[in-house]
Structure formats: C-alpha cells, structure tokens
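Q: Could you take me on a close look at the second largest pocket of this model, and then show me how its surroundings connect to the rest of the fold?

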Amino acid sequence: MSVIYETQLRVDSRDVDLFNQCRPSAVLGLMQEAATQAAQDLGVSGPQIMDRYGCMWMVVRSWVELEAPLRWNDQITLQTWHRGASGVSTYRDFEFYRDGQYIGQGVSSWVMVEADSRRMFRLKNLAEFQGTDGGERNKTIRLRRVKLPEVFDGRVRRDMGYSDTDINGHINNMRYADFACDALHLERLGQGEFVRSFQIGYLSECRAGDPILIDIARKGKELFVRGAGEDGADRFDFSLTLALL
C-alpha cells in the first residue's frame, strides 16, 4: 500500500529574510512539520515510538532543491512519504507545490535511536513501516556527506545557547542552517539571487554552552560550510547553490 501524506502549510513572517525569501532553516521547518504530521498519521511520531519502542527519531541529512524562492504568505502544499526501511536508516521524500504547480523537492534521511543508549534501532523491526512506503513515488536520490573543499576562506566562532535547543535537549537541526547562512553572510546576496539548493548533514550532537567553529568557502555559485567543535571533531557540513531569479 502506497501512503502519500499531504498537508497545507503557510510561509509566515517569521520564515522570511530581508529579501522576502523563505530562509533555508524555515524550509527545513516546513519539511519537519510535514514529516511530524505524516508520522503521527502513520503511528510513528516521537511520543508514539518513545512509548512503544523507547526510541527517538534523529535526522541525519537533508537536501532541498527549489525552482523559485518561497515567499511570505505563500500557501504551500507539501506531499511526503517514506521509502521503507531494511537497515538502520530510512529516507523521507518531499515535494513542494504552490498554486497547484510543482516548485521543488526535498529528501531527508533518518535513524531511530534508543533514547538512553543512542544505539541504532533496526528499522526492519518497525511494523508500522511495512507496506506503507511511497511505492512508485519513491525517489532514487541518496544523500552522502558534502564534498568539502580542501582550503577554506575564513572561520567564525559561535557559542550555542538556550534559544538554539529543542525538546531533546540538543541543538535544533534547523538552527545549524542558520549558523551556516549567518557565517556565509547571505544578507549580502542582493535581490537578484535565491538559494536554488542546499544540503546539510548532522555529524555529532551539540548542546547549549558548546562553542562551534565554522569554516566557510565559496566556489562560484556554490558555498560550503564545515562546523567543528573545539576538539576538531566535525559537527555538521553544509553546501548551498545560488541561482538567478
């Protein structure tokens, strides 16, 4: 049985930047809301899997490609579905529509981990996922680590705090996109460009009070970010492609 979940979401004033474009972090927020609703509908929301399996969902990597920017007050139709699972991770696919017209797509990869030990839960044991994937709609896109440049152009430091945290006590996954975009100074882009695509990977958990060192680089219309802790261990990677409006 193919299960495609559809929801209507509005881009509000908190989501857009100074160019009236939906920030990458807010696009991730739309996807997360759609994924949360779809999981509730399927019986695998955060509270449901905690009660049933003692586990929690963690997003590993997300990718988005847009034909045009999303703007304030846009009514967005988001369709989403999972691809099933046989190992320890699963993909969730997304498609964005505005006024009935396709405007973009996204993919995210997820794992379920035991809340206490953080050990991976084998998703083949998740009964709710059996026979409920997207069927013919399943995308073939696979997400791998961003191929970062060998040399970076600059570094900034950011101390993470209370406002960056989520219900699990670690840094909210959407906030990393804000860290990256701030370090890249996207406010300097001007009105003639928009974020055509971006990918972000979450490599290690961070918490309030942790500092993060953010390296940045640019190659033409491609921008890259690497976030690391003071110990030198990678925390996240990020790439972004710009396009003309």
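A: By class, the residues lining the second largest pocket of this predicted model divide into 15 nonpolar, seven charged and two polar. That makes a lining of 24 residues, and those nearest the centre of the pocket are Asp17, Arg23, Pro24, Cys181 and Leu186. The volume of this pocket comes to about 310 Å³. Three elements, H1, H3 and S7, each give two or more residues to its lining. Of these, H3 gives the most, with five residues.

Let's follow the chain on from there. H3 covers residues 173-184 and S7 covers 193-202, and the loop between them holds His185. This histidine has a positive phi of about 55 degrees, although it is not a glycine. His185 counts as partly exposed, because its relative accessibility is 31%.

Two of the residues nearest the pocket centre, Cys181 and Leu186, also lead us inward, as both are touched by Leu240. Leaving aside residues up to four places away in sequence, Leu240 also touches Val195, Ser197, Phe198, Lys221, Glu222 and Leu223. Leu240 is one of the residues that touch the most other members of the largest nonpolar core, along with Trp57, Leu70, Tyr176, Phe236 and Phe238. This core holds 59 residues, and its largest share, nine residues, comes from helix H1, residues 24-42. Such a grouping fits a broader trend: in soluble globular proteins, nonpolar side chains tend to be buried together. Apart from the largest core lies another one of five residues, including Met56, Met58, Val111 and Val113.

Met58 then takes us to the largest pocket, where it is among the residues closest to the centre, together with Trp57, Val59, Trp110 and Asn168. The space in this pocket is about 1,100 Å³, and 42 residues line it. Its lining has 23 nonpolar, 14 polar and five charged residues. H1 and H3 appear here again, each supplying at least two residues, as do helix H2 (46-53), strand S2 (55-66), S4 and S5.

One last stop is the loop between S4 (89-98) and S5 (101-114), where Asp99 lies. Asp99 has a positive phi of about 55 degrees, again without being a glycine. With a relative accessibility of 72%, Asp99 is over the 50% cut-off and therefore counts as exposed.

Technical notes. Residues are numbered from 1 along each chain as its sequence is written. This is a predicted model: local features need pLDDT of at least 70, side-chain atom pairs count only at pLDDT 80 or more; totals for chains, interfaces and linings use all residues. Side-chain values use heavy atoms; hydrogens and water are left out. A nonpolar core is a set of buried Ala, Val, Leu, Ile, Met, Phe, Trp, Tyr and Cys residues joined through side-chain atoms within 4.5 Å. Buried means under 20% relative accessible area, exposed over 50%, partly exposed in between (1.4 Å probe, protein chains only). Helices (H or I, at least four residues) and strands (E, at least two) are DSSP runs, numbered from the N terminus. Contact means heavy atoms within 4.5 Å. On a 1 Å grid over the protein atoms alone, a cavity is a set of points where a 1.4 Å probe fits but cannot get out, and a pocket is an open set with protein on both sides within 12 Å along at least five of seven lines; lining residues have an atom within 4 Å of a point. Grid points are joined across faces, edges and corners, and a volume is the space filled by probe spheres set on the points. Ala, Val, Leu, Ile, Met, Phe, Trp, Tyr, Cys and Pro count as nonpolar, Asp, Glu, Lys and Arg as charged, and the others, Gly among them, as polar.
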